[in-house]
Amino acid sequence: MSDTKQKILDAASALFLEGGARALSVRAIAKRADMSTIGIYSHFKGKQGILDALFIQAAHLVADAMEAGDKTEDPKAAMMAAAAAYVDFAEKHAAHYRLFFGESDPDYTPSAEAQDIARAAYKKLLRHAALLLPEGASPEKVQETALGFWALQHGFVGLTRHAVSAHAGINDWRKLILDTVAAHIDGFLAEKG
């Protein structure tokens, strides 16, 4: 990706963090990127093109997080690696995380490419979840398990962004999240074994 395109996406990310999807307009992005609106349109097809580029970047980051678990066949190590990478993604790429997991422009629909990358990431999570279950577990049970882990992590990440987190007395949210995921994994492995 060209430096100019990345500069535009960085400006859009910063605006998104400040004001959500409502803060994104070609004019506001151009101002933040210190370029003309024509410059924005020459690199992207307006706001929708920028949102799609950000969503695609986010989908790749999520896929990379899930891929962290592909380096081992050990069920616990695989899920823990994916969970750690997911938490790191949420922390390091807050705008991408928020865009990917629900806070988007109501008029934006991810492109087919973006949806394909997102589905690939989800399939990796399904593979990790399947390793925690007895062989031959139904697809519904695998999906339920995967969604449970996703919701667990997503809920914790959401709490870290909520005003209550400052008053919760938690010094290390990452450790709390990963310890909770590990305990959840241990429960599945105890049932399996």
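The legends below describe several close-up views of one predicted protein model.

Residues are numbered from 1 along each chain as its sequence is written, and side-chain values use heavy atoms, with hydrogens and water left out. Because the model is predicted, local features need a pLDDT of at least 70 and side-chain atom pairs count only at pLDDT 80 or more, while totals for chains, interfaces and linings use all residues.

**View 1. The whole chain, with its nine helices and zero strands.**
Helices (H or I, at least four residues) and strands (E, at least two) are DSSP runs, numbered from the N terminus, and along the sequence the pattern reads α-α-α-α-α-α-α-α-α. The C-alpha trace spans about 60 × 40 × 30 Å along its principal axes. Of the 193 residues, 42% count as buried, where buried means under 20% relative accessible area, exposed means over 50%, and partly exposed lies in between (1.4 Å probe, protein chains only). With contact meaning heavy atoms within 4.5 Å, 68% of the contacts between residues at least 6 apart in sequence join residues at least 24 apart.

**View 2. The largest nonpolar core, with 63 residues.**
A nonpolar core is a set of buried Ala, Val, Leu, Ile, Met, Phe, Trp, Tyr and Cys residues joined through side-chain atoms within 4.5 Å. In soluble globular proteins, nonpolar side chains tend to be buried together. Here Ile29, Ile50 and Phe100 touch the most other members of the core. The elements giving two or more residues to this core are α1, α2, α4, α5, α6 (94-100), α7, α8 and α9 (173-192), and α4 gives the most, with twelve residues. When residues up to four places away in sequence are not counted, Ile50 touches Ile8, Leu9, Ala12, Ile29, Ile40 and Phe44.

**View 3. The packing of helix α4 (residues 46-67) with helix α5 (residues 75-92).**
The two helices pack at an angle of about 150°, with their axes 7 Å apart; axes are lines fitted to C-alpha atoms, for helices over the stretch in contact, and angles run from 0 to 180 degrees between N-to-C directions. This angle makes α4 roughly antiparallel to α5, since angles under 35 degrees count as roughly parallel, over 145 as roughly antiparallel, 65 to 115 as roughly perpendicular and the rest as oblique. Ala58, Leu61, Val62, Ala65 and Met66 of α4 make the contact with Ala81, Ala82, Ala85, Tyr86 and Phe89 of α5. Sorted by class, the contact has ten nonpolar, no polar and no charged residues, where Ala, Val, Leu, Ile, Met, Phe, Trp, Tyr, Cys and Pro count as nonpolar, Asp, Glu, Lys and Arg as charged, and the others, Gly among them, as polar.

**View 4. The packing of helix α7 (residues 112-131) with helix α8 (residues 139-160).**
These helices pack at an angle of about 105°, with their axes 8 Å apart, so α7 is roughly perpendicular to α8. On the α7 side, Tyr122, Leu125, Leu126, Ala129 and Ala130 meet Val142, Gln143, Thr145, Ala146, Leu147 and Trp150 of α8. The residues of this contact divide into nine nonpolar, two polar and no charged.

**View 5. Three of the eight salt bridges found in the whole structure.**
A salt bridge is a side-chain nitrogen of Lys or Arg within 4 Å of a carboxyl oxygen of Asp or Glu. Side chains of opposite charge can pair when their charged atoms come close. Glu18 and Arg32 form one such bridge (2.8 Å, N to O); Glu18 lies in helix α1 (residues 3-19) and Arg32 in helix α2, so the pair ties together parts that are 14 residues apart in sequence. Glu18 is exposed, at 56% relative accessibility, whereas Arg32 is partly exposed, at 37%. Asp116 and Arg119 meet in another (2.6 Å, N to O), and, being three residues apart in helix α7, they are separated by about one helical turn. Lys141 and Glu144 also meet in a salt bridge (3.3 Å, N to O), and both lie in helix α8, three residues apart.

**View 6. The loop residue Asp34, which has a positive phi.**
Most residues other than glycine have a negative phi. The phi of Asp34, however, is near 60°. Asp34 lies in the loop between α2 (26-33) and α3 (37-43), and Asp34 is exposed, with a relative accessible area of 66%.
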